[in-house]
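Thanks for making time, everyone. I'd like to walk you through the structure I've been looking at, so let me put it on the screen.

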Amino acid sequence: MKLRTLILGLCSASAFALAARAESITIATVNNGDMIRMQKLTDDFTSKNPDIELQWVTLEENVLRERVTTDIATKGGQYDVMTIGTYEVPIWAKQGWLLPLDNLGADYDAADIIPAIAGGLSVDGKLYAAPFYGESSFIMYRRDLMEKAGLTMPEAPTWEFVADAARKMTDRAADINGICLRGKAGWGENMAFLTATANSFGARWFDEKWVPQFDQPEWKNTLDFYVKLMNDAGPQGASSNGFNENLALFQQGKCGMWIDATVAASFVSNPKDSTVADKVGYALAPDNGLGKRGNWLWAWSLAIPAGTQKADAAQKFVAWATSKEYLALVASKEGWANVPPGTRTSLYENPEYQAAAPFAKMTLDSINAADPTSPTVKPVPYVGVQFVAIPEFQSLGTTVGQLFSAALAGQMSVDDALAQAQQVTTREMTRAGYIK
Amino acid sequence: MARAVSTRTKIGFSIAAWLIALLIFFPILYTIITSIKTEAEAIAGFDLIPSVTFENYVEVQTQRDYFKPFMNSVIVSVGSTLLGCLVAIPAAWSMAFAPTKRTKDILMWMLSTKMMPAAAVLVPIYLLFRDSGLLDSRIGLTVMLMLINLPIMVWMLYTYFREIPVEILEAARMDGASLWNEIVYVLTPMAVPGIASTALLNIILAWNEAFWTIRLTTTDAAPLTAFIASFSSPQGLFWAKLSAASTLAIAPILIMGWFSQRQLVRGLTFGAVK
């Protein structure tokens with residue numbers, strides 16, 4: 001009898017110990033200011049959910065992408081929450097690699113997520129990733145240099161105005177370049193900018209039958225315009241400049257204008273790092289009067305891989321990190337200017353946020369101006385503004401990006417770059433079975 | 001007879017040697033310099049005399065814990081080397097002193113495995129690790145690193161052992177030494193520089209291995225390579241913090257290399273002169 005009691009006691013004690021042990025979830029993420037801030041604020045989550053322990057894996061964007069792709073494709077189950085972008089979400093959801101987020105809690109208010117962002121993260125009306133921060137692209141410009149050139153930046157400028165202003169603002173002797181744009185090869189580097197720009201020129205990657213369109217006049221106009229503008233008003237060695245290089249140039253006062261991610265606004269307006277913090281103005285990305293602007297749409301989002309054993313805890317975490325309460329938590333600790341932008345409509349209606357972030361309205365307008373399902377003037381068979389949401393795009397985009405970067409560097413002509421892009425893309429799309 | 005060398009030639013060679021050494025060491029030196037710059041200075045361009053700040057080191061330490069990845073690096077690099085020695089020494093011994101017709105082919109075949117790009121076998125290895133529960137484990141990583149470096153270890157040890165005259169071993173046998181005594185008392189003392197330099201080189205290779213150590217780990221077994229990778233960022237300035245993390249990561253191995261350089265050089269040039 002005593003022995004039985006002892007065994008039962010031991011069993012229940014060990015069961016209790018197991019239940020009391022915190023469940024640990026592993027979150028894969030990228031290294032940027034908003035994500036690091038979230039890691040510092042997790043006490044709030046763990047105090048509300050003492051049974052869940054958080055483990056972080058932070059990696060560089062490309063390594064992270066490769067790492068989580070390997071894990072999710074092999075159902076490795078190493079991660080319970082993954083930070084992925086708008087490019088991956090529709091592809092991975094269709095593959096059955098992600099769990100739909102249908103259990104985020106009654107007070108989550110999914111309807112508050114900005115529709116353009118939610119659209120990019122949903123498949124068949126189901127949300128497969130919750131946006132942590134969203135971004136578009138817009139123009140950041142030096143108000144003082146614009147004034148010196150005798151011009152006034154309209155809120156929604158045309159490419160013609162931007163090109164004219166860039167040439168007038170350029171002062172090589174004073175080391176000021178009228179415009180800084182991405183030139184570094186990569187599907188998420190120069191091709192993000194050029195694909196979005198091409199949309200405003202009426203170009204598209206593929207027609208309705210997946211035939212590449214680089215041999216069409218719209219692409220030639222886009223690339224001619226870009227290369228000429230950069231030669232006349234861009235910085236030296238622009239073909240190796242990406243986001244960070246242009247950020248440094250702009251912060252040092254060497255760029256009149258810079259068209260890039262809206263998230264850059266918080267960097268260039270920060271007096272700690274930026275020498276031009278009090279002289280920056282913002283405007284919508286340019287257009288060509290064709291009804292589409294040259295801005296993109298991206299959201300770093302939290303998704304749950306289908307291979308996880310801890311789906312409930314993972315959903316709780318995703319709901320916490322992308323909630324309205326989280327935004328308020330960041331605001332209370334670090335101020336409204338540091339709240340992750342671009343995810344919730346209510347944030348942009350908040351007068352405190354509007355006061356703290358002068359770029360708030362422009363960010364929201366830019367996000368709303370992008371339509372992933374109809375990114376350019378003509379109809380397309382794909383989803384995505386600055387990318388084509390098909391698995392082949394990473395390699396195609398980078399190959400074409402290398403050709404366009406070479407055209408910018410003067411290593412080949414615009415015509416040659418486009419002809420080769422057409423040839424390579426046609427070959428790969430035929431091989432992949434898109435072109436019958 | 002030693003060749004007479006003029007002082008001028010000596011100075012010339014010394015300067016050339018220093019310049020080459022500086023050229024080789026420069027990337028590490030510049031990493032250290034960048035780590036004490038501010039982020040804005042770090043990306044601004046080439047500048048050897050920065051404003052000295054240790055902010056990056058503080059930031060790196062507050063963002064992530066250094067000690068855990070450091071211990072993982074020590075365990076997997078030393079562990080894989082010890083494990084590698086256990087396999088490579090007998091293998092190299094048999095190839096050097098009891099070669100067969102196929103020994104050369106086996107050696108070439110072993111080396112050929114190093115010629116394949118690692119990414120080509122990522123998925124099969126990942127699946128093997130997943131099914132055997134070795135993902136994110138120090139044991140799995142230790143075995144993986146041992147296997148990666150094994151061909152180099154065997155090759156190096158084989159070349160060292162080949163330099164040892166067989167006659168000495170035969171003489172030991174004539175004196176009645178058993179195989180065990182022959183290996184322990186005759187062969188090993190003569191091969192110590194070779195074994196030591198092979199082990200040191202293997203520790204360095206394992207410490208710096210960044211493909212598998214990042215891809216097969218998540219949190220528990222992640223070594224310093226993953227620690228460095230976590231400071232790179234697509235949006236935002238990170239060069240100074242990345243350099244600080246790199247300096248912290250390479251410091252132990254750099255110090256170890258510094259103190260063991262005599263042993264390393266001796267081992268690497270062992271057998272060059274007869």
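In chain B, of the contacts with a separation of 6 or more, 77% are between residues 24 or more positions apart. Keep in mind throughout that this is a predicted model.

So what is chain B built from? It has 13 helices and 0 strands. Read from the N terminus, the elements just go α-α-α-α-α-α-α-α-α-α-α-α-α. The C-alpha trace of chain B spans about 70 × 65 × 30 Å along its principal axes, and of the 274 residues in the chain, 33% are buried.

Let me zoom in on one helix there, α7 of chain B, which covers residues 138–163 and holds Trp155(B). Is Trp155(B) buried or exposed? Neither, quite: Trp155(B) counts as partly exposed, because it has 19 C-beta neighbours inside 10 Å, and the buried label takes 20 or more. Leaving out anything up to four places away in sequence, Trp155(B) touches Leu107(B) and Leu111(B). Then there's Ala92(B), which sits 63 residues from Trp155(B) along the chain, yet the two C-alpha atoms are separated by 7.3 Å.

Ala92(B) turns up again with Leu157(B). Again skipping residues up to four places away, Leu157(B) touches Ala88(B), Ile89(B) and Ala92(B), and also Gly194(B), Ile195(B) and Thr198(B).

Leu157(B) also takes us to the largest nonpolar core, which has 185 residues. Which of them touch the most other members? Those are Val81(A), Met140(A), Met257(A) and Val318(A), along with Leu157(B). The largest share of this core comes from α7(B), with 13 residues. Chain A feeds in too: domain 1 and domain 2 of chain A each give the core at least three residues. As a general point, nonpolar side chains in soluble globular proteins tend to be buried together.

Now, those two domains. In chain A, domain 1 is 2–135 + 297–356, and domain 2 is 136–296 + 382–431. Taken over C-alpha atoms, the centres of the two domains are 32 Å apart. Where they meet, 8 residues of domain 1 are in contact with 12 residues of domain 2. On the domain 1 side, the elements giving two or more residues are α5 (88–94) and β10 (297–303) of chain A. That side of domain 1 divides into 6 nonpolar residues, 1 polar and 1 charged.

Next, how do the chains meet? There, 28 residues of chain A are in contact with 26 residues of chain B. On the chain A side, α2 (33–40), β2 (52–59), α4 (61–73) and α11 (243–251) each supply at least two residues. Which of these elements gives the most? That's α11(A), with 5 residues. By type, the chain A side comes out as 11 nonpolar, 13 polar and 4 charged.

Last, a word on confidence. Chain A has a mean pLDDT of 90, and 95% of its residues reach 70 or more. The stretch to be wary of is residues 15–20 of chain A, where the pLDDT is below 50. Beyond near neighbours in sequence, that stretch has 0 contacts in the model.

That's what I had. Happy to go back to any of the views.

Key. Residues are numbered from 1 along each chain as its sequence is written. Chains are lettered from A and ligands numbered from 1 in the order in which they are written. This is a predicted model: local features need pLDDT of at least 70, side-chain atom pairs count only at pLDDT 80 or more; totals for chains, interfaces and linings use all residues. Helices (H or I, at least four residues) and strands (E, at least two) are DSSP runs, numbered from the N terminus. A residue is buried if 20 or more other C-beta atoms lie within 10 Å of its own, exposed if 12 or fewer, and partly exposed in between; C-beta atoms are placed from the backbone. Two residues are in contact if their C-beta atoms, placed from the backbone, lie within 7 Å. Ala, Val, Leu, Ile, Met, Phe, Trp, Tyr, Cys and Pro count as nonpolar, Asp, Glu, Lys and Arg as charged, and the others, Gly among them, as polar. pLDDT is the predictor's confidence in each residue, from 0 to 100. A nonpolar core is a set of buried Ala, Val, Leu, Ile, Met, Phe, Trp, Tyr and Cys residues joined through C-beta atoms within 7 Å. Domain bounds come from an automatic or database domain assignment.
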